[in-house]
Amino acid sequence: MKIRDFGVEIWMNKYETRCELNLAETCVESLTVAELLDMSGVKDIAQQILPLKLTYGEIEGSLRLRALIAGLYEQQKVENVVTTHGAIGANALVHQTIVEPGDRVISVLPTYQQHYSIPESIGADTQILRLTEETGFLPDLEKLKKLAVSGTKLIAINNPNNPTGCLMDRVYLEKIVEIARACGAWILCDEVYRGTDQEGDTGMTASIADLYEKGISTGSMSKTFSLAGLRLGWIVAPAELIHAVSIHRDYNTISVGMLDDHFASIALECKDKILERSHKITRTNLAIVSQWVDGEPLISWIKPKSGTTALLKYDVPIASEEFCLRLLDKTGVMLTPGSALDMEGYLRIGYTNGEDVLRKGLERISLFLKESTASAA
């Protein structure tokens, strides 16, 4: 199977250990084990894990964890949940289970590259629905209707969106459901940033799995819950789809790690505290970036309503990769070039690391922009 290079992952792998200030990170600042245990009130972790026999564990994920994941949704039960190696594993399994050569697959762009490169590699009739500033980076529903011909197999969306931070509310999602239902398509919604909305107590918009009989939601502990090191994700979907996915999953997963499962369960049992922390970071830091953009004449954006990233449009006459390499070399600040996301002319910033890192990084970017303008003149 031939597949495109994974642009954003190659960029991150190459440069994230070389930078001083990482503004390309997409997770809400990661928790330490000590912080997690303090938030959860767990005092006897050694007594909990030392007796564990490190077998494969419960193959689909422990009943404890799957019940907690189901509890993140409105209408889901344990049988609607299977655990995976991160959301990246969840997304790959869904595409590999549903998509066959020749199938019509519609994916938004920008999004996580899996959602169009995997169907392309399978030989699907992959159609791209470009998100634009004219619609606030929300899918154009009329264009989606035209692409969603009868027999379309899958519509892949991302809500909240990476990298734009745009957010489809329940009403908007229901309109996409109407389009999918009319052509018989499944909807895969990558919801890995769900829980980071800028408004609301829970920060959670409705899930596609709760809105549509052929809705598939993927998520993980990485972004919103600040535990990327667990490498634990999930698929939430109708039971028959979970069964079909499990056939493929047997070939490349077997089960997630028992310790990952255990710590994810601890985290979801204190999810309110973790979400409170995440909201404080995402909402405080987005306000900082917003103030910076307002005062930076060479940068414009559609302000995110959710997520941990923003897409910045820059007014400097160089390609995005060259911009980011120069920035990294001169200032130590790392951003992600739009070219890695098939969005040339833009930069992706991750703004949910430490506030001090964010402020220092933005100051250095401003200085870099001023110097670039002066040298161009």
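A nonpolar surface patch is made of residues with over 30% relative accessible area and no salt bridge, whose nonpolar side chains are joined within 5 Å. Welcome to this predicted model, where one such patch is formed by Tyr56, Ile59 and Ile254. Below, we start at that patch, go on to the nonpolar cores, and end with some backbone features.

**The surface patch**

- Together, Tyr56, Ile59 and Ile254 have about 280 Å² of accessible area.
- To find Ile59, look in the loop between helix 3 (45–49) and helix 4 (63–70).
- Ile59 counts as partly exposed because its relative accessibility is 36%, and partly exposed covers the range between under 20% (buried) and over 50% (exposed).

**The nonpolar cores**

- In soluble globular proteins, nonpolar side chains tend to be buried together.
- The largest nonpolar core here has 39 residues, and the members that touch the most others are Leu312, Phe323, Met334, Leu335, Leu362 and Ile365.
- Several helices give two or more residues to this core: helix 1 (7–15), helix 12 (271–294), helix 13 (320–331) and helix 14 (355–376).
- Strands that give two or more residues to the largest core are strand 9 (299–301), strand 10 (309–314), strand 11 (333–334) and strand 13 (346–350).
- A second core, separate from the largest one, has 33 residues, among them Val108, Ile176, Val177 and Tyr212.
- Leu312 is a good residue to click on: setting aside neighbours within four places in sequence, its contacts include Trp292, Val293, Ile299, Trp301, Tyr346, Leu347 and Ile349.
- Ser300 and Gly345 are also in contact with Leu312.

**Cis peptide bonds**

- Most residues other than glycine have a negative phi, and most peptide bonds are trans.
- Asn159 and Pro160 are joined by a cis peptide bond, with omega about -5 degrees.
- Another cis bond runs from Asn162 to Pro163, where omega is near 25 degrees.
- Pro160 sits in the loop between strand 5 (154–158) and helix 8 (170–183), and Pro163 lies in the loop between strand 5 and helix 8 as well.

**Positive phi angles**

- Arg231 is not a glycine, yet its phi is positive, at about 50 degrees.
- You can find Arg231 in the loop between strand 7 (215–220) and strand 8 (233–236), and its relative accessibility of 40% is why Arg231 counts as partly exposed.
- Asp342 also has a positive phi, near 60 degrees.
- The loop between strand 12 (336–337) and strand 13 holds Asp342, which counts as partly exposed because its relative accessibility is 24%.

Methods
Residues numbered from 1 in each chain as written. Predicted model: local features only at pLDDT ≥ 70, side-chain atom pairs only at ≥ 80, totals over all residues. Heavy atoms only, no water. Core = buried A, V, L, I, M, F, W, Y, C linked by side-chain atoms within 4.5 Å. Buried < 20%, exposed > 50% of the residue type's maximum accessible area, 1.4 Å probe, protein only. Helix = DSSP H or I, 4+ residues; strand = E, 2+ residues; numbered from the N terminus. Contact = heavy atoms within 4.5 Å. Patch = residues over 30% accessible without salt bridge, like charges linked within 9 Å, V, L, I, M, F, W, Y side chains within 5 Å. Areas by Shrake-Rupley, 256 points an atom, 1.4 Å probe, with all protein chains shown as cover. Salt bridge = Lys/Arg side-chain N within 4 Å of Asp/Glu carboxyl O.
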